[in-house]
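Q: Can you walk me through this one? I'd like the domains, then the pocket, then any odd backbone.

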Amino acid sequence: MADTITAGASMSRPAGPPGVTWMAPAKVNLYLHVVGRRDDGYHLLDSLIAFAALGDLVTVLPAREIRLGVEGQFAEAVPTGSDNLVLRAARALAQHAGITDGAAIILEKQMPTAAGLGGGSADAAAALRALVRLWDVEIGEDALAELGLSLGADVPICLAGHPAFVGGIGEAITPVPNLPPTWLVLVNPGVAVSTPAVFRAREGDFSAPARFDGTAADAPALAALLAQRHNDLTEPAMSQAPVIGDVLAALTGTPDCLLARMSGSGATCFGLFANEAAARTAARRVALDNPSWWVVSAALATPA
Ligand code: C5P
């Protein structure tokens with residue numbers, strides 16, 4: 001039995017081989033403005049990123065070599081070759097820290113892949129955190145974030161794991177002190193969307209950054225602030241996966257939905273709700289009407 005560590009809280013168990021489990025929560029872009037493009041093709045973003053209180057689980061156990069096993073609802077969609085982001089993260093950390101030990105990594109894939117929820121990045125970040133514990137690596141937060149950024153633009157914010165305004169290509173993180181209690185319904189229509197293809201399909205002028213000061217008092221106030229902002233990747237993603245329009249319409253049509261929006265480069269969309277009962281009711285409605293879609297309700301995670 002592995003030690004269980006969820007969202008920073010650890011629980012030691014005396015029996016069994018020493019292991020570490022770390023949660024990889026789904027990342028949600030509450031808004032996402034594309035504000036420019038670098039010479040290397042990467043886009044400059046201004047985004048408010050938060051996390052859902054659900055996600056994949058990464059467990060690491062001592063082993064001679066670094067190896068990966070994938071379980072869970074979406075396991076089949078995860079490529080397990082050497083370019084898997086979790087394996088790359090493990091190798092990069094081992095190389096950085098001069099570690100010669102291995103690790104058996106078990107990824108329990110509960111989130112859809114290529115879905116705009118930062119799944120691969122969140123898994124890589126969770127693997128890094130868990131392996132730092134398992135291997136007892138001394139590495140500062142800045143060095144860990146830099147290593148994470150070399151793996152993917154979303155890895156630094158997934159390492160941070162708290163709500164933040166995110167700039168640059170994903171590395172400039174400004175924590176947001178408080179988001180009000182808010183519930184999410186996440187809906188994925190089962191269509192994988194390629195992030196590079198969505199960025200390539202984006203047309204038109206860049207947006208202005210749109211950060212706001214202070215805190216929203218409650219979920220309706222947060223939704224009102226977000227309604228003045230948008231996700232600039234929605235149109236290009238819909239050109240690849242028109243069903244995203246149906247997902248947004250389904251969420252918007254549920255009673256008490258405060259705001260419906262796509263996350264990241266899609267295709268997952270989220271609805272915001274003021275309380276758990278409203279979110280659960282909406283999730284049931286959307287799931288009943290669209291039995292092939294992945295639909296879950298969850299709280300917006302608040303920092304510990
Ligand atoms: O960094 P990551 O591998 O997650 O990004 C996947 C692709 O998405 C990049 O190769 C790039 O085409 C695009 N991207 C971008 N600007 C960002 C993040 C990603 O253009 N800020």
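A: Domain bounds here come from an automatic or database domain assignment. On that basis the protein is divided into domain 1 (3-174) and domain 2 (177-299). This is a predicted model, where local features need pLDDT of at least 70 and side-chain atom pairs count only at pLDDT 80 or more, while totals for chains, interfaces and linings use all residues. Residues are numbered from 1 along each chain as its sequence is written, and side-chain values use heavy atoms, with hydrogens and water left out.

Q: How many residues of domain 1 are in contact with domain 2?

A: 35 residues of domain 1 are in contact with 37 residues of domain 2, contact being heavy atoms within 4.5 Å. Over C-alpha atoms, the centres of domain 1 and domain 2 are 23 Å apart.

Q: OK, pockets. What volume does the largest pocket have?

A: About 1200 Å³. A pocket is an open set of points on a 1 Å grid over the protein atoms alone, where a 1.4 Å probe fits, with protein on both sides within 12 Å along at least five of seven lines. Points are joined across faces, edges and corners, and the volume is the space filled by probe spheres set on them.

Q: Which residues are closest to its centre?

A: Ser121, Asp154, Thr195, Pro196 and Ser265, out of 47 that line the largest pocket; lining means having an atom within 4 Å of a point. The lining draws at least three residues from each of domain 1 and domain 2.

Q: Is Ser265 buried or exposed?

A: Ser265 is buried, because its relative accessibility is 6%; the cut-offs are under 20% for buried, over 50% for exposed and partly exposed in between, with a 1.4 Å probe and protein chains only. Its side chain makes a polar contact of 2.9 Å with that of Thr195. Such a contact is a pair of N or O atoms within 3.5 Å; within protein, one must be able to donate a hydrogen and the other to accept it, and residues adjacent in sequence count only if both atoms are side-chain atoms.

Q: Now the backbone. Which peptide bond is cis?

A: The one from Gly266 to Ala267, with omega near 10 degrees.

Q: And what about phi of Ala114 and Asp136?

A: Phi is near 45 degrees in Ala114 and near 55 degrees in Asp136, both positive. Ala114 is partly exposed at 41%, whereas Asp136 is exposed at 65%.
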